[in-house]
Amino acid sequence: MLKSSFGKQKLIPIPGSGRGPLDKTVPNEPGLKCPSCSRRVMEMELKEHKLCPHCGHHFPLNARERLEIIADSGSFQEFEVGLRSINTLEFPGYDEKMTQAINETGLSEAIITGKATVGGYPCVLGIMDPGFMMGSMGSVVGEKVCRAMERAIELKIALIIFTASGGARMQEGMLSLLQMAKTTAVLGRFHQEGLLYISIITNPTTGGVSASFASLADIILAEPGALIGFAGPRVIKQTISETLPAGFQKAEFMLGHGMLDCIVERGQLKKTLELFLRLHGGEKNG
Amino acid sequence: MVKRHFDYEEKYRSLREKFQELKKLSQSMDFDLNQEFKRLEDKMEDIRGDKYHNLSPWEKVLLSRHSGRPVVKDYIEYLFEDWIELHGDRSYGEDRAIIGGIAAFAGIPVTVLGHQKGRDTNENLKNNFGMPHPEGFRKVERLIGQAEKFKRPVITFIDTPGAYPGLGAEERGQAWAIARVLMLFPRLQVPTIAIVTGEGGSGGALALAVADRLLMLSNSVFSVASAEACASIIWKDAGRAEEMASYLKVTAQDLSELGIADEIIQEPIGGAHQDFTDLADRLKKSLELNLKQLMALEMEQVLEQRYQKFRGVGRFLE
Ligand SMILES: [Zn+2]
């Protein structure tokens, strides 16, 4: 059984540049423990796709690592690098948390967006980073998603978004909740243009992102074992005071309940996206 | 210890009772204290008025959840004529946490939707405390589509702790159901007005709030998540909910300053339940005015204004 949940995820810092060792819980032992099969894995064994060599468990990817395995090399032109969140509500600790997230991830926000080619097909790409304040959606994330959609409309090309988010960024209060309505309003216009939107739901995607642009795509894919839902498992457990069934809210469970088109292993993702782009009339290097 | 219940009115009432006793007692005395009593009484009312004009955000959260507060059915009965309730999502079930139907408002047929809290515990259990499952949101999707077909304006009432976090709700696609409503409302080809009457909590409340106009009762609140949940997530301490409420900017007044609430409907001193008709008359006037303004515009203009209203939400640096 897959054990990773949003709460536990925090014990496994996102690997990559400047993010420290994968497993801080056992500092003296080399490598990290796979949350699925419990075997120890050396970081170098994970390779670029970050899969457990024993059981295929999908370890978290940060946005840049994700970009590496999806976009054609050197094709990514990033949008909106200058957008910065501000602490409108003067929420205590928000500025410090932002600074910390920026320093730890090397990103300016919880999503990167831009134009790229995937297998030669041009598209607008959005990739959320679960390590940046839990991928939470504030004003800037909402704005970047909207502008990505608008650029796709302008360029008449497909839109691909990888989601990973704990939901709304509470430090921005109602301004963050309303990003749900902002992104869905723009998405409504996007869909009228006859363009393709593929959403790939990765671990974990809950709350405001799951209940807005993540679930409104033409094609909804998910990575194996990804936690997907509106309410997080801890909240549900508290509400119903029962233990949750095994596999509850995992991608496989959501597929079984009709919420996803396919579950795609990370190694197959790029090929699968290429296939969808081709079948929707994508023209190479357009 | 965090205050969990808004008890100011009870304290005030017991003070008044003691005051009346004292007044009665004084009549058996030789000297006339009527002047003194009158002055004291005025002072008491002043203090009460001041209190209600200076409620803390947390006190407003508690007042917005007050068990005596009017529920959606009270508003429907008072504001509309020829109300008929319509049920079901046509796929799975009937969710009583959201009530929907058709009625006449000032002679105009409208579609009415609202989160349905109960008037007592029994009703609340039946209505799941106004916390919808996916069926509730699919009912909304169905009824606003119907409203569009017959060109009926849509009026929604918001009063919910949030969408229900349960097993069945997740299995049947809570996120999907909310998202579909959120994408439909911005494009709906009829005027829409939303009123926050009590507590607006999270995405479950937002699903009824994507409207041309958002009105808020003066003691209502609208929050990204409950102050308890935010305190528990950010500070790992639900006990700091009161402090959290003061940072989150959840009151009608705060949201008006942020440009999110378009209008505040003043409640009587003591809250909506102290003088319901006084409040409901004021709400009715505002609804009439807003509806008239919206219906005077071309639909294209209404849609563009609505789109820009939501497209422009957010504060950031470029
Ligand atoms: Zn493994």
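How many bridges join β5(B) to strand β7 (residues 221–223) of chain B? There are 3, and the two strands run parallel. This is a predicted model, and the tour below goes from that sheet in chain B to the nonpolar cores, the zinc site in chain A and the salt bridges. For orientation, the zinc ion is held by four cysteines of chain A, and the structure holds 36 salt bridges over all chains.

**The sheet in chain B, around β5(B)**

- Strand β5 (residues 192–201) of chain B is mostly covered, with 10 of its 10 residues buried.
- On the β7(B) side, Gly201(B) sits opposite Ser223(B).
- Strand β6 (residues 213–217) of chain B also pairs with β5(B), in the parallel sense and over 4 bridges. Here Ile195(B) faces Leu215(B) of β6(B).
- Strand β4 (residues 154–160) of chain B runs parallel to β5(B) too, and 6 bridges join them. Thr160(B) has Gly200(B) in β5(B) as its bridge partner.

**The sheet in chain B, around β3(B)**

- Moving on from β4(B), we get to β3(B): these two strands pair in the parallel sense over 4 bridges. Val112(B) is partnered by Ile155(B) in β4(B).
- Strand β3 (residues 108–115) of chain B has 6 of its 8 residues buried, so it is largely enclosed by the rest of the structure.
- Strand β2 (residues 98–105) of chain B breaks the parallel run, as it pairs with β3(B) in the antiparallel sense over 8 bridges. Gly100(B) has Leu113(B) of β3(B) as its bridge partner.
- β2(B) and β3(B) form a hairpin with 2 residues between the strands, and Ala106(B) takes a positive phi near 50° there.

**Nonpolar cores**

- In soluble globular proteins, nonpolar side chains tend to be buried together.
- The largest nonpolar core here has 149 residues, and Phe213(A) and Phe222(B) are the ones that touch the most other members. Helix α5 (residues 173–192) of chain A gives this core its largest share, 10 residues.
- A second core, separate from that one, has 26 residues, including Leu79(B), Val110(B), Phe157(B) and Leu215(B). You've already met Leu215(B) as the residue opposite Ile195(B).

**The zinc site in chain A**

- The protein donors are the SG atoms of Cys34(A), Cys37(A), Cys52(A) and Cys55(A), lying 2.2 to 2.4 Å from the zinc ion.
- Why is the arrangement tetrahedral? The 4 donor atoms subtend angles of 106 to 112° around the zinc ion, which makes it so.
- Along the sequence, the donor residues follow the spacing C-x2-C-x14-C-x2-C. Cys37(A) and Cys55(A) link distant parts of the chain, 18 residues apart: Cys37(A) is in the loop between β1 (32–33) and β2 (40–41) of chain A, and Cys55(A) in the loop between β2 and α2 (63–70) of chain A.
- Neither of these two donors is buried: Cys37(A) is partly exposed at a relative accessible area of 25%, and Cys55(A) is partly exposed at 39%.

**Salt bridges**

- In chain A, the side chains of Glu223(A) and Arg66(A) meet in a salt bridge, at 2.7 Å from N to O. Glu223(A) lies in the loop between β9 (219–222) and α7 (233–240) of chain A while Arg66(A) is in helix α2 of chain A, so the pair ties together parts that are 157 residues apart in sequence. Both Glu223(A) and Arg66(A) are buried.
- Lys38(B) and Asp42(B) make a salt bridge at 3.0 Å from N to O. They are 4 residues apart in helix α2 (residues 34–53) of chain B, so about one helical turn separates them. Lys38(B) is partly exposed at 47% relative accessible area, and Asp42(B) is partly exposed at 37%.
- Arg65(B) pairs with Glu228(B), with their closest N and O atoms 2.9 Å apart. Arg65(B) is in the loop between α3 (57–64) and α4 (72–79) of chain B and Glu228(B) is in helix α10 (residues 227–234) of chain B, so this pair ties together parts that are 163 residues apart in sequence.
- Arg65(B) is partly exposed, at 29%. Glu228(B) has 19% relative accessibility and counts as buried, because the cut-off is under 20%.
- Salt bridges with shared partners also join Glu80(A), Glu143(A), Arg147(A), Glu150(A), Lys182(A), Arg311(B) and Glu318(B) into one network.

How values were computed: Residues numbered from 1 in each chain as written. Chains lettered and ligands numbered in written order. Predicted model: local features only at pLDDT ≥ 70, side-chain atom pairs only at ≥ 80, totals over all residues. Heavy atoms only, no water. Core = buried A, V, L, I, M, F, W, Y, C linked by side-chain atoms within 4.5 Å. Buried < 20%, exposed > 50% of the residue type's maximum accessible area, 1.4 Å probe, protein only. Pairing = 2+ DSSP bridges. Donors = N, O, S within 2.8 Å, 3.2 Å for Na, K, Ca; no water. Tetrahedral: all angles 85-135°; square planar, octahedral: opposite > 155°, others 65-115°. Salt bridge = Lys/Arg side-chain N within 4 Å of Asp/Glu carboxyl O.
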